[in-house]
Amino acid sequence: MKNSLLSQRDLAVLWHPCTQMHDHETQPLIPIKSGHGVWLEDFEGNHYLDAISSWWVNLFGHANPIINTALKAQLDNLEHVIFAGFTHEAAIELAEKLVAITPAGLSRCFYADNGSAAVEVALKMSFHFWQNRGQSRKTKFITLENSYHGETLGALAVGDVALYKKTYAPLLMDVITAPSPDCYFRDEGESWADYSTRQFAHIERILQENANEVCAVIVEPLVQCAGGMRMYDAIYLKLLRATCDKYNVHLIADEIAVGFGRTGTLFACEQADISPDFLCLSKGLTGGYLPLSAVLTTDEVYAAFYDDYSKMTAFLHSHSYTGNALACRAALATLGIFETQNVLGNNQVLAATMKTLSQRFLNHPNVAEVRQTGMIVAIELVKNKHTREPYPWQERRGLQVYRYALSKGLLLRPLGNVIYFIPPYVITPEELALMFDVAWQAITA
Ligand SMILES: *Cc1c(COP(=O)(O)O)cnc(C)c1O
């Protein structure tokens, strides 16, 4: 009863993200009363395994005791303070830690309060850097096909997922879109590295021809998450770094989804042994507790803005909640868990279990591909395994899987016809087995 009462009140006044609200005439909303570890509980005692880490943000479970304790202590001292002219310990300590653990050369930390805002900051900083350096022709950005960088207008412009972008196209700045290294499209028998290298030739040519007008290339390292968990080889990032250097173009690494251990290393860029000029972080940064984002950049970029006030070269981008103390404290507690527990080692074991458990899907007649990078597994559903003909989108196969899985206590949120798993790192092997079992039943049903 309580579930449906809350649902009614919600639907009378609320408007939810990423939702055609009309769907809720048939698909009930699920009010959640509490969360513990990987489990969510509604008001009628039903439990749901959060296999998508509540939109990829949760790393160490709901109501994590370590993060809870840190937040309660912070709350009694300082909740928030203006971050211009003032500072506080949590913000300083977090920036010190981020500078220390991110790839070499990233020595400055700029805060914002969500992923899209971090992308806006990186785009503006890159453009403004070239302006301050007298390179006023540099006004364009290069992005990859099928990429996603958020949904504010600037972030949307450098993304390429039609579902989010198409309607707003007339409002968006022009960008140069390069073919993706997405290995779903590699030839039979071709390795990820070979295909990614082959696809690199396109962006290399684009850079060669347009570098004078280009501020930066923006990429999601290793996994294009919202674009259907499409994956590629680290060689692409290595080549891209070298070519951006060659042509004097910045590299923006958007690790908002893949940062903090998701791909096997703390940051995905480590697998290519590169440092970007800008690193965007959010989502897992606070362990899934509070909205916060950070853009890490270099001494060189910082120096281009650092001058006498009268030169008017300062970077002006501000959010009221910049450097929020509670959010910074949650992030510090999250990083503390990485420091005191063998998270990456444990993730390796979990990823191996995910690999084993996902193998059975390979033989399913409607599965074209099972792919994995670290703690992300994706299953590509198709109508015809051999031709890879997709299901018509109108059939909403993913939604059917979502509904079935929910009825069995599993929260999945397919992207179109891609079923994916991106669980919190505190999931157990038994819970992983349950997750894949229910998904199997859901796909088969
Ligand atoms: C989620 C995401 C964003 C946007 O972050 P929000 O906090 O949702 O605005 C940007 N880039 C990538 C790669 C993401 O996955």
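**View 1. Packing of helix 8 against helix 9 in the predicted model.** Helix 8 spans residues 192-210 and helix 9 spans residues 235-246. Their axes come within 9 Å and cross at roughly 20 degrees. Because angles under 35 degrees count as roughly parallel, helix 8 is described as roughly parallel to helix 9. The crossing in which helix 8 passes helix 9 is right-handed.

**View 2. Packing of helix 4 against helix 11.** The pair consists of helix 4, residues 89-101, and helix 11, residues 325-340. The two axes come within 9 Å and cross at roughly 40 degrees. This angle makes helix 4 oblique to helix 11. Helix 4 passes helix 11 in a left-handed crossing.

**View 3. Residues around the ligand.** The surrounding residues are W56, N114, G115, S116, Y148, H149, G150, E220, D254, I256, A257 and K283. Classified by residue type, this shell holds 4 nonpolar, 5 polar and 3 charged residues.

**View 4. Polar contacts of the ligand with N114, G115 and K283.** An N or O atom in the side chain of N114 is 3.4 Å from an oxygen atom of the ligand. At G115, a polar backbone atom is 2.8 Å from an oxygen atom of the ligand. For K283, a polar side-chain atom lies 2.6 Å from a ligand oxygen atom. On its own, the ligand has 380 Å² of accessible area, of which the protein covers 83%.

Definitions and conventions: Residues are numbered from 1 along each chain as its sequence is written. This is a predicted model: local features need pLDDT of at least 70, side-chain atom pairs count only at pLDDT 80 or more; totals for chains, interfaces and linings use all residues. Side-chain values use heavy atoms; hydrogens and water are left out. A residue is near a molecule or strand if one of its heavy atoms lies within 4 Å of it. A polar contact is a pair of N or O atoms within 3.5 Å; within protein, one must be able to donate a hydrogen and the other to accept it, and residues adjacent in sequence count only if both atoms are side-chain atoms. Accessible areas come from the Shrake-Rupley method with a 1.4 Å probe; for residues, only the protein chains shown count as cover. Ala, Val, Leu, Ile, Met, Phe, Trp, Tyr, Cys and Pro count as nonpolar, Asp, Glu, Lys and Arg as charged, and the others, Gly among them, as polar. Axes are lines fitted to C-alpha atoms, for helices over the stretch in contact, and angles run from 0 to 180 degrees between N-to-C directions. Helices (H or I, at least four residues) and strands (E, at least two) are DSSP runs, numbered from the N terminus. Angles under 35 degrees count as roughly parallel, over 145 as roughly antiparallel, 65 to 115 as roughly perpendicular and the rest as oblique. A crossing is left-handed if the near helix is turned anticlockwise from the far one by less than a right angle, and right-handed if clockwise.
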